Amino acid sequence: MRVRVTVDVARVLKEFLREPSQTRYGYSLMQATGFPSGKLYPILRRLEKAGVLVKETESIDPREEGRPARRLYRISSDGVVFAREELAKLSQSLSLPVSRPGRLFPEGGV
């Protein structure tokens, strides 16, 4: 799986890891991540192309439902492993270095 995991991609992956067995559709992901469609859908396409996500089309009768069928996304089993590893790496690389605790002094203090 070759996907560069940026902070934005990590936010999408984290959403799928909340409930890995659940399918999600674009609008719910936009609400959860705060991303507009122009930012979210390219990420979903890259993750799908890499095999991290699986895309399905909702099986409904659009006339009966009064709306078009949604595209549903779910994380693959390999995608779960990939996402957990990549999020752990990203978290570790973003963590601040541990320093010795010090004391803060007010301006001019001792």
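In which helix does Ser28 lie? In this predicted model, Ser28 belongs to helix α2, which runs over residues 26-33, and this report starts from that helix before turning to α5 and to two residues outside the helices.

**Overall layout**

The chain contains 5 helices and 3 strands, and their order along the sequence follows the pattern α-β-α-α-β-α-β-α. Of the 110 residues in the chain, 31% are buried. Among the contacts between residues at least 6 apart in sequence, 56% join residues that are at least 24 apart.

**Helix α2 and its surroundings**

The buried residues of α2 are Gly26, Ser28, Leu29, Met30 and Thr33, and they pack against α1, β1 (24-25), α3 (37-49) and β3. Ser28 counts as buried because its relative accessibility is 14%, where the cut-off for a buried residue is under 20%. The side chain of Ser28 reaches the backbone oxygen of Tyr25 at a distance of 2.9 Å. Tyr25 also takes part in a second arrangement, in which the charged end of Arg70 sits over the ring of Tyr25, 4.0 Å from the ring centre. As for pairs formed between aromatic rings, the structure holds 0 of them. Just after α2, Gly34 adopts a positive phi of about 80 degrees.

**Helix α5 and its two sides**

Helix α5 covers residues 77-94, and at 1.5 Å a residue its 18 residues should span 26 Å; the end C-alpha atoms are 26 Å apart, so the expected and modelled values agree. Which residues of α5 are buried? They are Gly79, Val80, Phe82, Ala83, Glu86, Leu87 and Leu90. These residues cover an arc of only 165 degrees around the axis, and therefore they lie on the same side of α5. On the other side of α5, Ser77, Asp78, Arg84, Lys89 and Gln92 are exposed. The buried residues of α5 pack against α1 (7-18) and β3 (71-75).

**Val5 and Glu58**

Val5 is located in the segment before α1, and at 15% relative accessibility Val5 counts as buried. Leaving aside neighbours within four places in sequence, Val5 is in contact with Ala10, Leu13, Phe82, Glu86 and Leu90; among these, Phe82, Glu86 and Leu90 are also buried residues of α5. The C-alpha atoms of Val5 and Leu87 are separated by 8.2 Å, although the two residues are 82 residues apart along the chain.

Where does Glu58 lie? Glu58 is found in the loop between β2 (53-57) and α4 (62-65), and Glu58 is buried, with a relative accessible area of 17%. A polar contact of 2.8 Å joins the side chains of Glu58 and Arg67. When neighbours within four places in sequence are left aside, Glu58 is in contact with Arg67, Ala69, Arg70 and Leu72. Arg70, listed here as a contact of Glu58, is the residue whose charged end sits over the ring of Tyr25.

The three residues discussed individually for their burial are set out below.

| Residue | Place | Relative accessible area |
|---|---|---|
| Ser28 | helix α2 (residues 26-33) | 14% |
| Val5 | segment before α1 | 15% |
| Glu58 | loop between β2 (53-57) and α4 (62-65) | 17% |

Notes
Residues numbered from 1 in each chain as written. Predicted model: local features only at pLDDT ≥ 70, side-chain atom pairs only at ≥ 80, totals over all residues. Heavy atoms only, no water. Phe/Tyr/Trp six-rings, centres within 6.5 Å; stacked < 30°, edge-to-face > 60°. Lys NZ or Arg CZ within 6 Å of the ring centre and 35° of its normal. Helix = DSSP H or I, 4+ residues; strand = E, 2+ residues; numbered from the N terminus. Expected span 1.5 Å × (residues − 1). Buried < 20%, exposed > 50% of the residue type's maximum accessible area, 1.4 Å probe, protein only. Arc of directions from axis to C-beta. Contact = heavy atoms within 4.5 Å. Polar contact = N/O pair within 3.5 Å; in protein donor to acceptor, adjacent residues only side chain to side chain.
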